[in-house]
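Me: I've got this model open and I'd like a close look at one part of it, a single serine in a helix. Could you start there and then work outwards to the rest of the chain?

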Amino acid sequence: MRGRFVALICCLALGPACVGVGKSRAPQTSVEARTDAIVVGAFNFSESRVLAEILRQTITAAGFEAELLGEVGSREIMEPALEQGQVDLVAEYLGTALTFLDPEAAAEIRGPDAAHAELSRRFAERGLTVLSASPGENRNEIVVTRALSERWGLHTITDLQRVARNMVLGGPPECPARPLCLQGLEGLYDLRFESFTPLDSGGPATVASLLAGDVDVALLFTTNPAIDLNDLVVLKDDRDLQPAENIVPVIRREIIDERGPELVESLDAVVSKLTNKALRRLNARAEIDHVAPGVVATEWLEEQGVL
């Protein structure tokens, strides 16, 4: 485990001098550092760590050996690590992963099926396979309180056209300059709000302002546990402003060839249970209750009958 991590860091530090860091797939150069375990990587944020534990524990429950290489870092580190075989599996997000590979292509694709197909094609060129997507996703959401939704009949973002001029939008400070935030709401939905209030990035300040009535409409993230805890209403993105951000395990094709279809079936079955509600519950346990990611994963997998 440590040997593999050291090999990964050294390789990335060398940059182009390290074989295999570029787009083309090269033979693995650290075979001695490998074990028989399937290595699951995690990005450096809470939800990713929980998802990595879910994947790892699912693999071991299916009878395969697995280990966790936690908090590998950003995609600039994770993607070449996957290509080189330093990491075998990671829980990715459709739109973000596709944007990382090709921002222009990602901007033209809407819907999870199209995004999944394009991401699969691009990763296949790198020796990687994209497994089935979860029904849940973590993307920007436009949210109102239950009371406001019922008062004005707000169910979709388009419904805001009738009342936006008398409402205050709250969101991250960069929202006015972002095509997936205020620019998109104005351009695609033709919304004109009374004003915009800069807050945090979908965090406690945004939730508090929404509940206090300081803002009427807010940008949160799909898997924010505050949505369920405060009975907030997510308005349907009925014109597909936001790219699909469903969770997809990305795995090296070599691992599938070696372990067979049983591994894929086990992972697909678990990922299919990752709904938005489930993701919010998992995040609440990790971020609000401060339970360790491994324990959060074990609790949930036991509920699903996997463990």
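Reply: Sure, let's start with serine 209, which sits in helix H9, residues 204-212. Keep in mind that this is a predicted model. Is serine 209 buried or exposed? Its relative accessible area is 12%, and buried means under 20%, so serine 209 is buried. Leaving out residues up to four places away in sequence, serine 209 touches Leu199, Asp214 and Val215.

Now zoom out for a moment. The chain has 14 helices and 10 strands. Serine 209 has plenty of company in being buried, since 52% of the 307 residues are buried. The chain exposes about 13500 Å², and carbon and sulfur atoms supply 52% of that area. Take the contacts between residues at least 6 apart in sequence: 74% of them join residues at least 24 apart.

Proline 243 gives you a concrete case of residues far apart in sequence coming together. You'll find proline 243 in the loop between E9 and E10. With 15% relative accessibility, proline 243 counts as buried. Asparagine 140 is 103 residues away along the chain, yet its C-alpha atom is 9.1 Å from that of proline 243. Setting aside neighbours within four places in sequence, the contacts of proline 243 are Gly95, Glu137, Arg139 and Leu180.

Next, the nonpolar interior. The largest nonpolar core has 35 residues, and the members that touch the most others are Ile54, Ile59, Leu263, Leu282 and Trp300. Several elements give two or more residues to this core, among them strand E1 (38-41), helix H2 (46-61), strand E3 (89-93) and strand E10 (247-252). Helices H11 (253-259), H12 (261-271), H13 and H14 are also on that list. H2 provides the largest share, six residues. To see how this looks from one residue, click on isoleucine 54: beyond its neighbours within four places in sequence, isoleucine 54 is in contact with Val270, Leu274, Leu282, Ala297, Trp300 and Leu301. There is also a second, separate core of 23 residues, including Leu82, Val87, Leu94 and Val250.

Helix packing is worth a look too. Helix H3 (residues 75-84) packs against helix H4 (residues 94-101) at an angle of about 85 degrees, and the two axes are 11 Å apart. That angle makes H3 and H4 roughly perpendicular to each other. On the H3 side, Arg75, Glu76 and Glu79 do the touching, and they meet Thr96, Ala97, Phe100 and Leu101 in H4. Sorted by type, the residues of this contact are three nonpolar, one polar and three charged.

Have a look at one of those charged residues, glutamate 79, in helix H3. At a relative accessible area of 8%, glutamate 79 is buried. Apart from neighbours within four places in sequence, glutamate 79 contacts Phe100, Leu101, Phe123, Arg126 and Leu128. Phe100 and Leu101 are familiar from the H4 side of the helix contact.

Arginine 285 is another charged residue to click on, this time in helix H13. Its relative accessibility is 29%, so arginine 285 counts as partly exposed. Beyond neighbours within four places in sequence, arginine 285 is in contact with His290, Val291, Val296 and Glu299. Glutamate 299 is 14 residues along the chain from arginine 285, with 9.9 Å between their C-alpha atoms.

One of those contacts, histidine 290, leads us to the backbone. Histidine 290 lies in the loop between helix H13 (276-288) and helix H14 (293-303). Its relative accessible area of 65% makes histidine 290 exposed. What is its phi? The angle for histidine 290 is near 60 degrees, a positive value in a residue other than glycine. That's worth a second glance, because most residues other than glycine have a negative phi.

Aspartate 231 also has a positive phi, near 55 degrees, and again the residue is not a glycine. Aspartate 231 belongs to the loop between helix H10 (226-229) and strand E9 (233-235). At 40% relative accessibility, aspartate 231 counts as partly exposed.

Notes
Residues numbered from 1 in each chain as written. Predicted model: local features only at pLDDT ≥ 70, side-chain atom pairs only at ≥ 80, totals over all residues. Heavy atoms only, no water. Helix = DSSP H or I, 4+ residues; strand = E, 2+ residues; numbered from the N terminus. Buried < 20%, exposed > 50% of the residue type's maximum accessible area, 1.4 Å probe, protein only. Axes fitted to C-alpha atoms, helices over the stretch in contact; angles between N-to-C directions. Parallel < 35°, antiparallel > 145°, perpendicular 65-115°, else oblique. Contact = heavy atoms within 4.5 Å. Nonpolar A, V, L, I, M, F, W, Y, C, P; charged D, E, K, R; others polar. Areas by Shrake-Rupley, 256 points an atom, 1.4 Å probe, with all protein chains shown as cover. Core = buried A, V, L, I, M, F, W, Y, C linked by side-chain atoms within 4.5 Å.
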